[in-house]
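Subject: the structure for you to look at

Hi,

Here is the structure I promised to pass on. Have a look at it first, and then read my notes underneath.

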Amino acid sequence: MKTLNEIANYLLLNAPRFEQNPKIKGIQVDSRKVTASDLFVCISGYTVDGHDFVDQAIENGAVAIVASKKLDRNDVPVLYVEDTEQTLSFLANYFYDFPSNGLHLIGVTGTNGKTSVTYLLDEIFNYQKETTALIGTIQMKIGEQVFPLANTTPEASLLQKSFRKMVDEKIDHCMMEVSSHALELGRVNGCDFDIAVYTNLSQDHLDFHETMADYLTAKLRLFSHLGNSYDPSKPKYAVINQDDHYANDFKRATSQRVITYGIDQAANFTAKNIKLTANGTEFTLVAFNQQIEIKTPLIGKFNIYNMLAAIATAYLSDVTLETITAALGQSKGIPGRFETVKGDHDFGVIIDFAHTPDSLENVLTTIRSFAKNQVYLVVGCGGDRDRTKRPLMAKMGEKYADYTILTSDNPRTEDPRAIIADMEQGITTDRYTVEVDRAKAIAYAVQLAKKDDIILIAGKGHETTQIIGKETFPFDDYQVANQAILNK
Ligand SMILES: CC(=O)N[C@H]1[C@@H](OP(=O)(O)OP(=O)(O)OC[C@H]2O[C@@H](n3ccc(=O)[nH]c3=O)[C@H](O)[C@@H]2O)O[C@H](CO)[C@@H](O)[C@@H]1O[C@H](C)C(=O)N[C@@H](C)C(=O)N[C@H](CCC(=O)O)C(=O)O
Ligand SMILES: Nc1ncnc2c1ncn2[C@@H]1O[C@H](COP(=O)(O)OP(=O)(O)OP(=O)(O)O)[C@@H](O)[C@H]1O
Ligand SMILES: N[C@H](CCC[C@H](N)C(=O)O)C(=O)O
Ligand SMILES: [Mg+2]
């Protein structure tokens, strides 16, 4: 617990002294979640302004407010700062006693592969009985406990509070997906990363970042977060995909040691003698004059990149190549990523989270490489998100699938038909149809499928809901596909 004056002193050079100097129990950015003795931080959001919810925060027990706009009240002390969102990360870091300093923190950024790399690292560390925490798209996990998350990378107060819990529970490694939104909005400011990992960059989120250059700049920030402290007992590393177009930008963004991985370019961790099949992958890992055979159930060349990123990171975290090899050999895969619907049907059904042109291309080319018959694609695009990726995603269907069923993803507040119309702009043939209802679209693909055909259901992966308008309905691609197979 800290007092308001302690907090003010930490945050501001010319801090005011509050006569009423309450002890703060917690930090809250949502008035609805405030409890007794919290400090409420007003954030001006994209939808509403936290400054308008001060009454509710106080009713719920807030004893002090951090604001950037004048609040006409003298019942509680108000600490004024220029930018509440930027302040929040420093405030939370201080309030929870800089928890990430005591944590082995691995941050993973890039357009695709973040969840995959963090889950592979989790399997590797768990294999050697180390305790782990995960923060990302699917959920937050601290040891055996899991918590739902609204964002891939949570806002700073929840983030720092979670780090504190991890340190208190003596977690050995925390793997965290660092989204470009989080980097841009300063959610991870003040995080003491030990290893920063870069997967790749391709088009996504151009609704938020406007240009690819802006998007790149946000991603690069993770590497400047490695800082320039050089403690031999706590070395820091940047792990970079050497085959990626932007590899050199990422190398230049850090003053820490760079470790590379790749397949096509010379790198510290490379894969050769690659064998890709429908049941798994084999390759020879070459790293620092050592060679070791990797044999894993993970499928696709893109997963070799994910494995190389995880292997390099685990190795830099003192795991031996032998242990890494054994762990990857037993990988259970990543929920909703290239996940096969089990059963005795004579065609394949794969659920995958591909929701960018690049990830769709990777997954579809992988399927094509072993497909014996027709490939069907069921795909939609998220509403209130990057519109420019829609025709490009549909084009991937035209290029690599025999037949595409355009449907809804999470339409959110957009008209689902308008989203599909944007997708249709990318298609020039008639090898597709439209079925707005996702469950019907999946059922239709299952009806069409014959022996040895493969259906890819893309875009929602592990998700168990569908957001239509402002409502969230239960929806699980895996279960819907299973039901359709039973009904066939
Ligand atoms: C664009 C964006 O990032 N939006 C985030 C932002 O929402 P917002 O600006 O609309 O918030 P708002 O509703 O206007 O509220 C403003 C403030 O008022 C507060 N409030 C609001 C209502 C109320 O009754 N009382 C109250 O105090 C809110 O708690 C908030 O502090 O702040 C919210 C609370 O922290 C976030 O959950 C929300 O993420 C939304 C869900 C979102 O969709 N974000 C996406 C774009 C995102 O960040 N995605 C990346 C992943 C991308 C990737 O996978 O690569 C991520 O890291 O999740
Ligand atoms: N290294 C990769 N390169 C390209 N595509 C990939 C790669 N790894 C996974 N994919 C594809 O991208 C999809 C999303 O993968 P993953 O969830 O690991 O990425 P992410 O970066 O966490 O995505 P998000 O930003 O939505 O959280 C997968 O379902 C797969 O189709
Ligand atoms: N983290 C991604 C997830 C997209 C998943 C897709 N199903 C969609 O709703 O667009 C985003 O927020 O853009
Ligand atoms: Mg993710």
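Let me start with a helix pair. Helix 4 (residues 114–127) and helix 11 (residues 321–329) have axes that come within 9 Å and cross at roughly 115 degrees. The crossing of helix 4 past helix 11 is right-handed. On the helix 4 side you'll find Glu123, Ile124 and Tyr127, which meet Thr323, Ile324, Ala326 and Ala327 of helix 11. By class, that contact comes out as 5 nonpolar, 1 polar and 1 charged.

Before you go further, keep in mind that this is a predicted model.

There's a second pair worth opening in your viewer. Helix 13 (residues 389–400) packs against helix 14 (residues 416–424) at about 65 degrees, and the axes are 6 Å apart. Here too the crossing is right-handed. Helix 13 brings Arg390, Pro391, Met393 and Ala394 to the contact, while helix 14 brings Ile419, Asp422, Met423 and Glu424. Sorted by class, the contact of helix 13 with helix 14 has 5 nonpolar residues, no polar ones and 3 charged ones.

Now the overall layout. The protein chain splits into domain 1 (2–89), domain 2 (99–329) and domain 3 (339–487). Between domain 2 and domain 3, the C-alpha centres are 28 Å apart. Each of these two gives 16 residues to the contact. On the domain 2 side, helix 7 (206–209) and helix 10 (301–316) are the elements that supply two or more residues. That side of domain 2 is made up of 6 nonpolar, 7 polar and 3 charged residues.

UniProt also has something to say about the C-terminal part: an unreviewed entry puts "domain: Mur ligase C-terminal" at residues 336–461. In the model, the end C-alpha atoms of residues 336–461 lie 4 Å apart, and the span is 37% helix and 19% strand.

On to the ligands, which I guess is the part you're waiting for.

Ligand 1 has 20 residues around it, and the closest are Asp30, Gly45, Thr47, Asn151 and Ser179. The shell divides into 7 nonpolar, 10 polar and 3 charged residues. Which domains does the shell around ligand 1 draw on? Domain 1 and domain 2 each give at least three residues to it.

Ligand 2 is surrounded by 23 residues, with Gly113, Lys114, Thr115, Ser116 and Ser359 coming nearest. Its shell takes at least three residues from each of domain 2 and domain 3. At least two residues apiece come from helix 4, helix 10 and helix 12 (357–370). Helix 12 has the largest share, with 4 residues. The class count for the shell around ligand 2 is 5 nonpolar, 13 polar and 5 charged.

Around ligand 3 sit Thr137, Thr152, His355, Gly382, Arg385, Asp409, Asn410, Gly459, Lys460 and Glu463. How many of the residues in that shell are nonpolar, polar or charged? The shell around ligand 3 has no nonpolar residues, 6 polar and 4 charged.

Last, the annotated sites. The unreviewed UniProt entry marks Ser31, Asn151, Thr152, Thr153, Ser179 and Arg187 as "binding site". Those positions span 157 residues of sequence and are spread in space as well, up to 25.0 Å between C-alpha atoms. You can cross-check some of them against the shells: Asn151 and Ser179 are among the closest residues to ligand 1, and Thr152 is in the list around ligand 3. As for Thr153, look for it in the loop between strand 10 (145–147) and helix 5 (156–168).

Shout if anything is unclear.

Cheers

Notes
Residues are numbered from 1 along each chain as its sequence is written. Chains are lettered from A and ligands numbered from 1 in the order in which they are written. This is a predicted model: local features need pLDDT of at least 70, side-chain atom pairs count only at pLDDT 80 or more; totals for chains, interfaces and linings use all residues. A residue is near a molecule or strand if its C-beta atom, placed from the backbone, lies within 6 Å of it. Ala, Val, Leu, Ile, Met, Phe, Trp, Tyr, Cys and Pro count as nonpolar, Asp, Glu, Lys and Arg as charged, and the others, Gly among them, as polar. Domain bounds come from an automatic or database domain assignment. Axes are lines fitted to C-alpha atoms, for helices over the stretch in contact, and angles run from 0 to 180 degrees between N-to-C directions. A crossing is left-handed if the near helix is turned anticlockwise from the far one by less than a right angle, and right-handed if clockwise. Two residues are in contact if their C-beta atoms, placed from the backbone, lie within 7 Å. UniProt positions are given in the numbering used here, feature names are shortened, and annotations may be inferred rather than shown by experiment.
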